[in-house]
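User: I am new to this structure. Please take a close look at its largest pocket, then place that pocket among the other features.

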Amino acid sequence: MSLTEIRNWIQLFAVLIGGIIGFIAFFQNMKQRRIENAMKMTKWFHESISMEELESWETLFRASSELSGAKLGSYMEKGEARSLSEYFSEGSPDAGAVGRIADCLEVICHELSEKTVDPRFIWFELGQLLKTIHVWLNSIENSNGKNLLETSYPSFYKAFKKYNIKFDKWPSRTYAYIE
């Protein structure tokens, strides 16, 4: 082996190592960017939704629980079972608060589906809200026989189709308890 060949081999290894380091740095940068985007999205969510709207969600969360006597797709009001669809239609009892929360979560789910945000961070911050509204939307049927989730919230549907198994394993922040 001549000195020129050795130098060429050393240059090749240097280029390969540089390329590998470049790829590693690129993927770490993408991961960091997804975390930053998730932080921005959760901040946007909390700035967009008022405390009164979260209180409306919490009231409905408690009223739609099995402990209140409600069945899937309904909530209890003054001892009477009512359909959750009232909260996702015109003239809702909470002036559209739960619907606005669902709409904001739809935007976040779109970003989850596009992989522009970190799903673990989003789930930790908004998991209870996402899970609850997903169940509600999935239990409300439209006039065409499909549920409201598939027809009106496609990104919500896609995000849960993609991450639902992982969501069940990841921890999340608790907004309300049922006692």
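Analyst: What follows starts at the pocket and then moves outward. The model is predicted.

The largest pocket has a volume of about 270 Å³. Its lining counts 15 residues. Closest to the centre are Phe61, Ser64, Thr132, Val135 and Trp136. By class, seven of the lining residues are nonpolar, five are polar and three are charged. Which helix gives the largest share of the lining? Helix α4, residues 119–139, does, with four residues.

Next comes helix α2, which spans residues 51–63. Here the side chains of Arg62 and Glu58 meet in a salt bridge, at 2.5 Å from N to O. Why can these two meet across the helix? They are four residues apart in α2, so about one helical turn separates Arg62 from Glu58. Side chains of opposite charge can pair when their charged atoms come close. The model's salt bridges come to five.

Now the strands. Strand β1 covers residues 74–77, and strand β2 covers residues 80–83. The two pair in the antiparallel sense over four bridges. One bridge joins Glu77 to Glu80 in β2. Together β1 and β2 form a hairpin, with two residues between them. Lys78 sits in the turn and has a positive phi of about 55°.

Last, the surface. A nonpolar patch there is formed by Met1, Ile6, Trp9, Ile10, Leu12, Phe13, Leu16, Ile17 and Ile21. Together these residues have about 950 Å² of accessible area. One of them, Ile17, is found in helix α1, which runs over residues 3–48.

Note on methods. Residues numbered from 1 in each chain as written. Predicted model: local features only at pLDDT ≥ 70, side-chain atom pairs only at ≥ 80, totals over all residues. Heavy atoms only, no water. 1 Å grid on protein atoms, 1.4 Å probe; cavity = no way out; pocket = protein on both sides within 12 Å on 5 of 7 lines; lining within 4 Å. Points joined across faces, edges and corners; volume = space filled by probe spheres on them. Nonpolar A, V, L, I, M, F, W, Y, C, P; charged D, E, K, R; others polar. Patch = residues over 30% accessible without salt bridge, like charges linked within 9 Å, V, L, I, M, F, W, Y side chains within 5 Å. Areas by Shrake-Rupley, 256 points an atom, 1.4 Å probe, with all protein chains shown as cover. Salt bridge = Lys/Arg side-chain N within 4 Å of Asp/Glu carboxyl O. Pairing = 2+ DSSP bridges.
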